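Student: Could you zoom in on one part of this model with me? I'd like to know what it packs against, and then how charged pairs link up elsewhere.

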Amino acid sequence: MTHSTALLTDHYELTMLQAALADGTAERRSVFELFARRLPDGRRYGVVAGVNRLLDALEQFRFDEQTIAFLADRGIVDQATRDWLAGYRFSGDISGYADGEIFFPGSPVLVVESSFAEAVLLETVFLSILNHDSAVASAASRMTWWAGGRPCIEMGSRRTHEEAAVASALAAYVAGFGATSNLEAARRYGIPSTGTAAHSFTLLHDRERDAFRSQIDALGKGTTLLVDTYDVAEAVRTAIELTGPDLGAVRLDSGDLPSLAGQVREQLDALGATKTKIIVTSDLDEFQIAALAPAPVDGYGVGTSLVTGSGYPTCGFVYKLVAREDASGDLVPVAKKSPDKISIGGRKWALRRRSAAGVAELELIGVGEQPVDDGDDRVLLKPLVEAGKIIGRTTPAESQAHHQKVRDELPRSASQLSRGEPAIPTEYVGDYDARNPFRSRSHT
């Protein structure tokens, strides 16, 4: 049984609808755009995630009997509005950046075209999904980049809301994580899951040796043993005594990880366990992963920093009306002019301009017209919904592959963890008001 997502919204979306229905503007053809005005400090690029979850939410965006009854009981909107909501089905078009795509300031990550009434109701749920999932994916991408091909495991479920944990696991997978500890994410999205034992399992037993023996008997010699409950060197020695050279891995969850990993590697090699891997955990983030790059580490488990966006739990996406039908039936640009919150009116299209060598050089955004492809460009807006029909779903594996491909296009400077400008500039072409906070270069 699916549950309606129609109330995952803000009260004022419905009160705006009621007023628009009453004054006759509700059916005006409109274009809404979802974008970020800037990247968080220290970020050179962002990663889109949550598009498939957004499409699932759209499919379930229905005002069923229980939902309508709630609106009536609270007196939130009048009878005429409730009657209109009872038949709500999104019938417009949506295009957007794919799951795993890179975005920059001003990128039109989502473009929604329909009547005002149909589109305005979707603002909150769309922002909720994309702001959260893209924040996690943006952090995850930095982590997997600095992991340098060493596998990363998502293990942050206990650090966030239970449903956010599932969404975080998917977003992390899109950005290159290889597995999750969350079984619901594995069931729902087909993501590989993994896990062995915590410190409590060792503490349960009378001796560390007994805990290791029990785990090996249950899971085989290829398991990963947690070796820092008591004395690391003694634990490693005990582990290899029990398994010989066939132990899969040891896990380090505390201490000075770079030096400790070096010591454990030397000990494992001296004991003949040259193929036994070293996995490190312990509140890692992209900075610690980068610092561990020279260490003999074979994989990372990341929790708190990942599911909280590594300090930036939202992308700052906004959802703005950028064009609407006028009295003569023409689509005209509209824009907010508030200081520090300026938006650019007009329907947008976007290309990723690349060099002949395939390196991204520019985020090229056409306002009111499609920008011209110079031969090396890549179209960024993909059809997601046409005339109300969802057509743009991708699998998690497809999204992960897409992210790897488009991240490889970025200049090497994009991996830098220090503060700086976005990896590539954003440029607008077409007829627009150039007084905007995104523009690095202008062309009209």
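Student: What percentage of the 444 residues in the chain do buried residues make up? After that, please take me closely through helix α3.

Tutor: Buried residues make up 52% of the 444, where buried means under 20% relative accessible area, exposed over 50%, and partly exposed in between (1.4 Å probe, protein chains only). Bear in mind that this is a predicted model: local features need pLDDT of at least 70, side-chain atom pairs count only at pLDDT 80 or more, and totals for chains, interfaces and linings use all residues. Residues are numbered from 1 along each chain as its sequence is written, and side-chain values use heavy atoms, with hydrogens and water left out.

The chain has 15 helices and 20 strands (DSSP runs numbered from the N terminus: H or I over at least four residues for helices, E over at least two for strands). Its C-alpha trace spans about 85 × 55 × 35 Å along the principal axes.

Now to your helix. α3 runs over residues 65-74, and its buried residues are T67, I68 and L71. Looking down the axis of α3, you find these buried residues within an arc of 100°, so they line one face of the helix (the arc uses directions from the helix axis to the C-beta atoms). Turn to the face pointing away from that buried side and you meet the exposed residues E65, Q66 and D73. Just after α3 comes G75, with a positive phi of about 65°.

What sits over the buried face? The cover includes α1 (11-23) and α4 (79-86). Let's follow α4. The axes of α3 and α4 are 10 Å apart and meet at an angle of about 165° (lines fitted to C-alpha atoms over the stretch in contact, with angles from 0 to 180 degrees between N-to-C directions). The two helices are therefore roughly antiparallel, the word for angles over 145 degrees. I68, L71 and A72 of α3 touch R82, L85 and A86 of α4, a contact being heavy atoms within 4.5 Å. So I68 and L71 turn up twice: they are buried residues of α3, and they also help make the contact with α4.

Contacts also tie the whole chain together. Among those with a separation of 6 or more, 72% join residues 24 or more positions apart.

Now for the charged pairs. Side chains of opposite charge can pair when their charged atoms come close. There are 23 salt bridges in the structure (a Lys or Arg side-chain nitrogen within 4 Å of an Asp or Glu carboxyl oxygen). One of them joins R393 and D56 at 3.0 Å, N to O. R393 lies in the loop between β18 (389-390) and α15 (396-407), and D56 in helix α2 (residues 51-59), so this pair ties together parts that are 337 residues apart in sequence. R393 is partly exposed, at 38% relative accessibility, and D56 is partly exposed too, at 28%.

Another salt bridge pairs D377 with R353, their closest N and O atoms 2.8 Å apart. D377 belongs to the loop between β15 (360-367) and β16 (378-379), while R353 is in strand β14 (residues 348-354), 24 residues away. Here D377 is buried at 8%, and R353 is buried at 18%. Elsewhere, salt bridges with shared partners join E101, R352, R354, E363, R378 and E409 into one network.

How values were computed
Angles under 35 degrees count as roughly parallel, over 145 as roughly antiparallel, 65 to 115 as roughly perpendicular and the rest as oblique.
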